[in-house]
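User: I'm new to this structure and would like a close look at one place where two helices pack together. Could you walk me through it, and then through the salt bridges?

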Amino acid sequence: MNVTVANLTKHFGSFVALDDVSFQVRSGELVALLGPSGGGKSTTLRIIAGLDHPDSGAVAFDGHQVEGDHARKRRVGFVFQHYALFRHMTVAGNIGFGLEVQKLPRAEREKQVRELLRLTGLEGYERQMPSELSGGQRQRVALARALAPRPKLLLLDEPFAAVDARVRQELRQWVRRLHDETGLTSIFVTHDQEEAFALANRVLVINHGHVEQEGTPLDILDHPATEFVAKFVGDVNVLDARVEHDAAVAGALRVPLERATTDRAVRLVIRPYDLKFWREDPGIATVTRLFPLGDRVKVEATIDGAGTLMSQFPRRSSLLRGIEPGCRIAIEVTQARAYPRSGALPSSPLRPMLRDASARTNAEIES
(Lines give C-alpha, C1' and ligand atoms only; values in the text may rest on other atoms or scores of the structure.)
Protein backbone atom coordinates (compact mmCIF):
# COMPACT_ATOMS: atom_id res chain seq x y z
CA MET A 1 0.00 0.00 0.00
CA ASN A 2 1.25 3.49 -0.88
CA VAL A 3 0.99 6.13 1.85
CA THR A 4 0.91 9.88 1.16
CA VAL A 5 1.26 12.40 3.99
CA ALA A 6 0.47 15.93 2.80
CA ASN A 7 1.03 19.19 4.71
CA LEU A 8 0.23 17.85 8.19
CA THR A 9 0.01 20.47 10.93
CA LYS A 10 -0.75 19.67 14.56
CA HIS A 11 -0.78 21.85 17.68
CA PHE A 12 -1.09 20.82 21.32
CA GLY A 13 -2.00 24.14 22.90
CA SER A 14 0.83 26.53 22.03
CA PHE A 15 3.20 23.66 21.18
CA VAL A 16 3.67 23.01 17.45
CA ALA A 17 4.06 19.26 17.10
CA LEU A 18 3.93 19.19 13.28
CA ASP A 19 4.45 22.06 10.88
CA ASP A 20 3.58 21.29 7.25
CA VAL A 21 4.98 17.74 7.16
CA SER A 22 4.81 15.95 3.80
CA PHE A 23 6.29 12.68 2.53
CA GLN A 24 5.42 9.49 0.67
CA VAL A 25 5.98 5.81 1.45
CA ARG A 26 5.93 3.42 -1.48
CA SER A 27 4.28 0.02 -1.30
CA GLY A 28 6.56 -2.55 0.31
CA GLU A 29 8.99 0.01 1.77
CA LEU A 30 10.31 -0.03 5.31
CA VAL A 31 10.73 3.64 6.26
CA ALA A 32 12.15 5.08 9.49
CA LEU A 33 11.07 8.35 11.08
CA LEU A 34 14.25 9.35 12.93
CA GLY A 35 14.68 12.25 15.31
CA PRO A 36 14.91 13.46 18.91
CA SER A 37 12.14 13.18 21.48
CA GLY A 38 9.43 15.77 20.92
CA GLY A 39 10.32 16.17 17.24
CA GLY A 40 6.93 15.00 15.94
CA LYS A 41 7.63 11.39 14.97
CA SER A 42 5.04 9.62 17.13
CA THR A 43 2.42 12.29 16.42
CA THR A 44 2.87 11.64 12.69
CA LEU A 45 2.49 7.89 13.24
CA ARG A 46 -0.65 8.30 15.35
CA ILE A 47 -2.25 10.56 12.74
CA ILE A 48 -1.54 7.99 10.02
CA ALA A 49 -3.15 5.32 12.22
CA GLY A 50 -6.21 7.48 12.94
CA LEU A 51 -5.47 7.66 16.69
CA ASP A 52 -4.96 11.44 16.46
CA HIS A 53 -6.30 13.99 13.99
CA PRO A 54 -4.37 16.83 12.34
CA ASP A 55 -5.35 20.49 12.53
CA SER A 56 -4.79 20.58 8.78
CA GLY A 57 -3.35 18.39 6.06
CA ALA A 58 -4.27 14.94 4.78
CA VAL A 59 -3.26 11.29 4.77
CA ALA A 60 -4.04 9.05 1.80
CA PHE A 61 -3.75 5.28 1.33
CA ASP A 62 -3.38 4.32 -2.34
CA GLY A 63 -4.77 7.73 -3.29
CA HIS A 64 -7.81 7.51 -0.99
CA GLN A 65 -7.92 10.17 1.74
CA VAL A 66 -8.62 8.55 5.09
CA GLU A 67 -9.41 11.52 7.37
CA GLY A 68 -13.01 10.40 7.78
CA ASP A 69 -12.16 6.73 8.30
CA HIS A 70 -12.16 5.30 11.82
CA ALA A 71 -8.85 3.78 12.92
CA ARG A 72 -10.41 0.30 12.75
CA LYS A 73 -11.31 0.76 9.09
CA ARG A 74 -7.83 1.85 8.01
CA ARG A 75 -6.41 -1.71 8.11
CA VAL A 76 -3.35 -0.57 10.05
CA GLY A 77 -1.34 -2.67 12.50
CA PHE A 78 0.17 -0.64 15.35
CA VAL A 79 2.97 -1.82 17.66
CA PHE A 80 3.54 0.30 20.76
CA GLN A 81 6.79 0.84 22.66
CA HIS A 82 5.61 -0.91 25.84
CA TYR A 83 3.87 -3.89 24.20
CA ALA A 84 0.33 -3.00 25.45
CA LEU A 85 -0.49 -6.70 25.77
CA PHE A 86 -3.61 -7.93 27.56
CA ARG A 87 -2.17 -9.28 30.81
CA HIS A 88 -5.14 -11.58 31.48
CA MET A 89 -4.83 -13.31 28.08
CA THR A 90 -2.42 -16.01 26.94
CA VAL A 91 -0.03 -15.47 24.04
CA ALA A 92 -2.50 -17.16 21.69
CA GLY A 93 -5.35 -15.06 23.10
CA ASN A 94 -3.44 -11.85 22.56
CA ILE A 95 -2.52 -12.74 18.99
CA GLY A 96 -6.03 -13.84 18.13
CA PHE A 97 -7.82 -10.91 19.75
CA GLY A 98 -8.14 -8.85 16.55
CA LEU A 99 -9.39 -11.89 14.64
CA GLU A 100 -12.06 -12.44 17.28
CA VAL A 101 -13.16 -8.80 16.93
CA GLN A 102 -13.45 -9.43 13.19
CA LYS A 103 -15.70 -12.38 14.05
CA LEU A 104 -13.54 -14.81 12.11
CA PRO A 105 -14.67 -18.46 12.49
CA ARG A 106 -12.83 -20.25 15.27
CA ALA A 107 -11.09 -22.77 13.01
CA GLU A 108 -9.80 -20.00 10.73
CA ARG A 109 -8.76 -17.95 13.73
CA GLU A 110 -6.77 -20.80 15.25
CA LYS A 111 -5.10 -21.52 11.92
CA GLN A 112 -3.90 -17.92 11.57
CA VAL A 113 -2.68 -17.84 15.17
CA ARG A 114 -0.62 -21.01 14.58
CA GLU A 115 0.89 -19.48 11.45
CA LEU A 116 1.82 -16.29 13.31
CA LEU A 117 3.33 -18.28 16.18
CA ARG A 118 5.54 -20.01 13.61
CA LEU A 119 6.39 -16.77 11.81
CA THR A 120 7.40 -14.98 15.01
CA GLY A 121 9.28 -17.91 16.55
CA LEU A 122 6.79 -18.31 19.40
CA GLU A 123 5.71 -21.92 18.82
CA GLY A 124 5.34 -23.64 22.20
CA TYR A 125 4.52 -20.37 23.99
CA GLU A 126 0.84 -20.15 23.03
CA ARG A 127 -0.41 -20.95 26.55
CA GLN A 128 2.07 -18.69 28.36
CA MET A 129 0.94 -15.45 29.99
CA PRO A 130 2.72 -12.15 29.16
CA SER A 131 4.21 -12.03 32.68
CA GLU A 132 6.02 -15.31 31.95
CA LEU A 133 7.79 -13.95 28.84
CA SER A 134 11.00 -12.00 28.33
CA GLY A 135 10.88 -8.47 26.92
CA GLY A 136 11.89 -9.66 23.47
CA GLN A 137 9.22 -12.36 23.47
CA ARG A 138 6.55 -9.86 24.55
CA GLN A 139 7.49 -7.58 21.68
CA ARG A 140 7.18 -10.51 19.27
CA VAL A 141 3.69 -11.19 20.63
CA ALA A 142 2.83 -7.51 20.07
CA LEU A 143 4.07 -7.76 16.48
CA ALA A 144 2.15 -10.98 15.88
CA ARG A 145 -1.03 -9.39 17.27
CA ALA A 146 -0.58 -6.40 14.94
CA LEU A 147 -0.09 -8.72 11.95
CA ALA A 148 -3.02 -11.03 12.76
CA PRO A 149 -5.81 -8.96 11.11
CA ARG A 150 -3.66 -8.85 7.94
CA PRO A 151 -3.14 -5.09 7.88
CA LYS A 152 -2.14 -3.23 4.75
CA LEU A 153 0.25 -1.05 6.74
CA LEU A 154 2.39 -1.77 9.82
CA LEU A 155 3.31 1.10 12.17
CA LEU A 156 5.89 0.64 14.93
CA ASP A 157 6.47 3.30 17.61
CA GLU A 158 9.93 2.87 19.23
CA PRO A 159 9.37 -0.91 19.07
CA PHE A 160 12.68 -1.91 20.71
CA ALA A 161 13.11 0.81 23.34
CA ALA A 162 11.93 -1.37 26.24
CA VAL A 163 14.47 -4.20 25.75
CA ASP A 164 18.19 -4.42 26.45
CA ALA A 165 20.89 -3.85 23.84
CA ARG A 166 21.51 -7.51 22.96
CA VAL A 167 17.80 -8.32 22.54
CA ARG A 168 17.30 -5.09 20.61
CA GLN A 169 19.90 -6.17 18.06
CA GLU A 170 18.28 -9.59 17.69
CA LEU A 171 14.82 -8.02 17.23
CA ARG A 172 16.13 -5.66 14.55
CA GLN A 173 17.46 -8.56 12.51
CA TRP A 174 14.25 -10.49 13.04
CA VAL A 175 11.99 -7.58 12.02
CA ARG A 176 14.05 -7.01 8.87
CA ARG A 177 13.67 -10.70 7.93
CA LEU A 178 9.95 -10.54 8.74
CA HIS A 179 9.52 -7.49 6.52
CA ASP A 180 11.40 -9.12 3.66
CA GLU A 181 9.21 -12.22 4.00
CA THR A 182 5.85 -10.43 4.18
CA GLY A 183 6.60 -7.41 1.94
CA LEU A 184 4.30 -5.33 4.15
CA THR A 185 4.54 -1.53 3.90
CA SER A 186 5.99 -0.44 7.24
CA ILE A 187 6.84 2.80 9.03
CA PHE A 188 8.70 2.84 12.32
CA VAL A 189 9.67 5.57 14.73
CA THR A 190 13.05 5.68 16.46
CA HIS A 191 15.51 8.13 18.01
CA ASP A 192 18.36 5.65 17.43
CA GLN A 193 20.22 6.35 14.19
CA GLU A 194 21.96 2.95 14.24
CA GLU A 195 18.55 1.29 14.42
CA ALA A 196 17.16 3.39 11.58
CA PHE A 197 20.15 2.70 9.33
CA ALA A 198 20.17 -1.04 10.09
CA LEU A 199 16.49 -1.54 9.26
CA ALA A 200 15.14 1.07 6.87
CA ASN A 201 15.16 1.34 3.09
CA ARG A 202 14.67 5.08 3.54
CA VAL A 203 15.03 7.47 6.49
CA LEU A 204 13.19 10.72 7.24
CA VAL A 205 14.92 12.91 9.83
CA ILE A 206 12.29 14.90 11.75
CA ASN A 207 13.04 17.76 14.15
CA HIS A 208 10.78 20.43 15.67
CA GLY A 209 7.87 19.25 13.53
CA HIS A 210 9.79 19.55 10.24
CA VAL A 211 11.27 16.96 7.88
CA GLU A 212 14.92 18.06 7.82
CA GLN A 213 15.96 15.49 5.22
CA GLU A 214 14.90 12.22 3.63
CA GLY A 215 16.94 9.66 1.74
CA THR A 216 18.71 6.32 2.00
CA PRO A 217 20.83 5.69 5.10
CA LEU A 218 23.98 6.39 3.06
CA ASP A 219 22.50 9.64 1.68
CA ILE A 220 21.72 10.84 5.19
CA LEU A 221 25.10 9.83 6.59
CA ASP A 222 27.34 11.03 3.76
CA HIS A 223 25.36 14.05 2.52
CA PRO A 224 23.57 15.65 5.49
CA ALA A 225 21.44 18.57 4.28
CA THR A 226 21.67 20.58 7.51
CA GLU A 227 23.98 20.98 10.46
CA PHE A 228 21.33 19.37 12.69
CA VAL A 229 21.24 16.22 10.52
CA ALA A 230 25.03 16.02 10.43
CA LYS A 231 25.20 16.17 14.22
CA PHE A 232 22.27 13.85 14.87
CA VAL A 233 23.17 10.88 12.69
CA GLY A 234 26.66 10.14 13.97
CA ASP A 235 29.70 11.31 15.88
CA VAL A 236 30.98 14.59 14.49
CA ASN A 237 33.51 17.30 15.19
CA VAL A 238 32.15 20.84 14.90
CA LEU A 239 34.49 23.81 14.51
CA ASP A 240 33.67 27.47 14.03
CA ALA A 241 35.54 28.63 10.94
CA ARG A 242 35.83 31.60 8.63
CA VAL A 243 35.95 31.45 4.84
CA GLU A 244 39.06 32.91 3.23
CA HIS A 245 39.09 32.77 -0.55
CA ASP A 246 38.43 29.08 -1.33
CA ALA A 247 39.04 27.57 2.11
CA ALA A 248 37.45 27.28 5.54
CA VAL A 249 39.93 28.25 8.25
CA ALA A 250 39.73 27.21 11.91
CA GLY A 251 42.88 28.31 13.70
CA ALA A 252 45.80 26.43 12.13
CA LEU A 253 43.48 24.10 10.22
CA ARG A 254 42.71 25.10 6.66
CA VAL A 255 40.24 23.04 4.60
CA PRO A 256 40.04 23.95 0.88
CA LEU A 257 36.43 24.02 -0.39
CA GLU A 258 35.13 22.73 -3.71
CA ARG A 259 32.54 25.49 -4.04
CA ALA A 260 32.68 29.18 -3.33
CA THR A 261 30.32 30.68 -0.77
CA THR A 262 29.26 34.20 0.19
CA ASP A 263 29.00 33.12 3.84
CA ARG A 264 32.02 34.33 5.77
CA ALA A 265 31.25 32.57 9.08
CA VAL A 266 30.67 28.82 8.83
CA ARG A 267 30.68 25.71 10.94
CA LEU A 268 32.89 22.85 9.79
CA VAL A 269 31.34 19.46 10.50
CA ILE A 270 33.83 16.58 10.23
CA ARG A 271 33.25 12.93 11.08
CA PRO A 272 36.00 11.17 13.10
CA TYR A 273 36.66 8.62 10.36
CA ASP A 274 37.17 11.42 7.79
CA LEU A 275 40.32 12.58 9.57
CA LYS A 276 43.89 11.32 9.49
CA PHE A 277 46.46 12.20 12.14
CA TRP A 278 50.15 11.43 11.98
CA ARG A 279 53.12 12.51 14.04
CA GLU A 280 54.91 15.51 12.57
CA ASP A 281 56.91 18.47 13.90
CA PRO A 282 56.04 21.30 14.05
CA GLY A 283 52.51 20.07 13.10
CA ILE A 284 49.29 22.01 13.66
CA ALA A 285 47.83 20.25 16.71
CA THR A 286 48.73 18.47 19.95
CA VAL A 287 47.42 15.03 20.95
CA THR A 288 45.70 15.19 24.33
CA ARG A 289 44.23 11.71 24.89
CA LEU A 290 43.88 8.21 23.41
CA PHE A 291 40.80 6.02 23.99
CA PRO A 292 41.22 2.28 23.20
CA LEU A 293 37.79 0.89 22.17
CA GLY A 294 38.19 -2.75 21.26
CA ASP A 295 39.24 -2.91 17.61
CA ARG A 296 39.40 0.90 17.33
CA VAL A 297 41.31 3.72 18.97
CA LYS A 298 39.96 7.25 19.31
CA VAL A 299 42.51 10.04 19.36
CA GLU A 300 41.72 13.49 20.74
CA ALA A 301 43.81 16.46 19.62
CA THR A 302 43.70 20.23 20.11
CA ILE A 303 44.24 22.39 17.02
CA ASP A 304 46.37 25.49 17.45
CA GLY A 305 44.04 28.48 17.74
CA ALA A 306 40.84 26.46 17.27
CA GLY A 307 39.44 23.62 19.32
CA THR A 308 39.34 19.88 19.86
CA LEU A 309 39.08 17.22 17.15
CA MET A 310 38.40 13.52 17.65
CA SER A 311 39.56 10.97 15.10
CA GLN A 312 39.36 7.19 15.09
CA PHE A 313 41.59 4.49 13.62
CA PRO A 314 41.79 0.70 13.48
CA ARG A 315 43.80 -0.42 16.51
CA ARG A 316 46.65 -1.72 14.35
CA SER A 317 46.73 1.24 11.92
CA SER A 318 50.21 2.36 10.91
CA LEU A 319 49.04 5.96 11.43
CA LEU A 320 49.01 5.32 15.19
CA ARG A 321 52.76 4.75 15.33
CA GLY A 322 54.32 7.35 17.54
CA ILE A 323 50.94 8.89 18.42
CA GLU A 324 50.85 9.60 22.15
CA PRO A 325 49.63 12.36 24.47
CA GLY A 326 51.70 15.51 24.08
CA CYS A 327 53.04 14.77 20.58
CA ARG A 328 52.58 17.16 17.65
CA ILE A 329 50.65 16.00 14.58
CA ALA A 330 49.66 16.94 11.05
CA ILE A 331 46.02 16.52 10.00
CA GLU A 332 44.40 15.46 6.75
CA VAL A 333 40.67 16.09 6.26
CA THR A 334 39.29 13.69 3.65
CA GLN A 335 35.69 14.93 3.81
CA ALA A 336 33.77 17.62 5.68
CA ARG A 337 30.70 19.79 5.41
CA ALA A 338 30.53 23.56 5.89
CA TYR A 339 27.28 25.23 6.99
CA PRO A 340 26.52 28.93 7.51
CA ARG A 341 26.96 29.73 11.18
CA SER A 342 23.48 31.25 11.20
CA GLY A 343 22.10 27.71 10.85
CA ALA A 344 20.49 28.42 7.45
CA LEU A 345 20.92 25.84 4.71
CA PRO A 346 23.49 26.88 2.08
CA SER A 347 22.33 27.06 -1.52
CA SER A 348 24.68 24.18 -2.30
CA PRO A 349 26.58 22.02 0.20
CA LEU A 350 30.23 22.92 0.70
CA ARG A 351 32.82 20.18 0.74
CA PRO A 352 36.60 20.21 1.05
CA MET A 353 38.79 19.52 -1.95
CA LEU A 354 39.71 15.86 -1.66
CA ARG A 355 42.84 16.17 -3.77
CA ASP A 356 44.57 18.30 -1.14
CA ALA A 357 47.15 16.13 0.61
CA SER A 358 46.56 17.59 4.07
CA ALA A 359 45.22 20.52 5.97
CA ARG A 360 48.19 22.81 6.52
CA THR A 361 48.99 25.81 8.67
CA ASN A 362 47.99 29.25 7.46
CA ALA A 363 51.65 30.25 7.26
CA GLU A 364 52.43 27.34 4.93
CA ILE A 365 49.51 28.21 2.64
CA GLU A 366 50.35 31.89 2.48
CA SER A 367 54.03 31.27 1.77
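Analyst: Helix H2 passes helix H4 in a right-handed crossing, the term for a near helix turned clockwise from the far one by less than a right angle, whereas anticlockwise would be left-handed. This is a predicted model, in which local features need pLDDT of at least 70, side-chain atom pairs count only at pLDDT 80 or more, and totals for chains, interfaces and linings use all residues. Residues are numbered from 1 along each chain as its sequence is written, and side-chain values use heavy atoms, with hydrogens and water left out.

H2 covers residues 91–101 and H4 covers residues 135–147; helices here are DSSP runs of H or I with at least four residues, numbered from the N terminus. Two packed helices are described by the angle between their axes and the distance between the axes. For H2 and H4, the axes come within 7 Å and cross at roughly 30°. Each axis is a line fitted to C-alpha atoms over the stretch in contact, and angles run from 0 to 180 degrees between N-to-C directions. H2 and H4 are therefore roughly parallel to each other, the label for angles under 35 degrees.

Which residues in H2 and H4 meet? From H2 come Val91, Asn94 and Ile95, and from H4 come Val141, Ala144 and Arg145, where contact means heavy atoms within 4.5 Å. This set divides into four nonpolar residues, one polar and one charged.

Now to the salt bridges. The count comes to 22, each being a side-chain nitrogen of Lys or Arg within 4 Å of a carboxyl oxygen of Asp or Glu. In one of them, Arg26 and Glu29 meet with N to O at 3.0 Å. Glu29 is buried, at 7% relative accessible area; buried means under 20%, exposed over 50% and partly exposed in between, using a 1.4 Å probe and protein chains only.

Another salt bridge joins Asp52 to Arg46, with the closest N and O atoms 3.1 Å apart. Asp52 counts as buried at 19% relative accessibility, while Arg46 is partly exposed at 29%.

Arg172 and Glu194 also form a salt bridge, their closest N and O atoms being 3.4 Å apart. This pair links distant parts of the chain, 22 residues apart: Arg172 lies in helix H5 (residues 165–182) and Glu194 in helix H6 (residues 193–199). Arg172 is buried, with a relative accessible area of 9%, but Glu194 is partly exposed at 49%.

Finally, a network of salt bridges links Glu227, Lys231, Asp240, Arg267 and Arg341.

Note on methods
Helices (H or I, at least four residues) and strands (E, at least two) are DSSP runs, numbered from the N terminus. Angles under 35 degrees count as roughly parallel, over 145 as roughly antiparallel, 65 to 115 as roughly perpendicular and the rest as oblique. Ala, Val, Leu, Ile, Met, Phe, Trp, Tyr, Cys and Pro count as nonpolar, Asp, Glu, Lys and Arg as charged, and the others, Gly among them, as polar.
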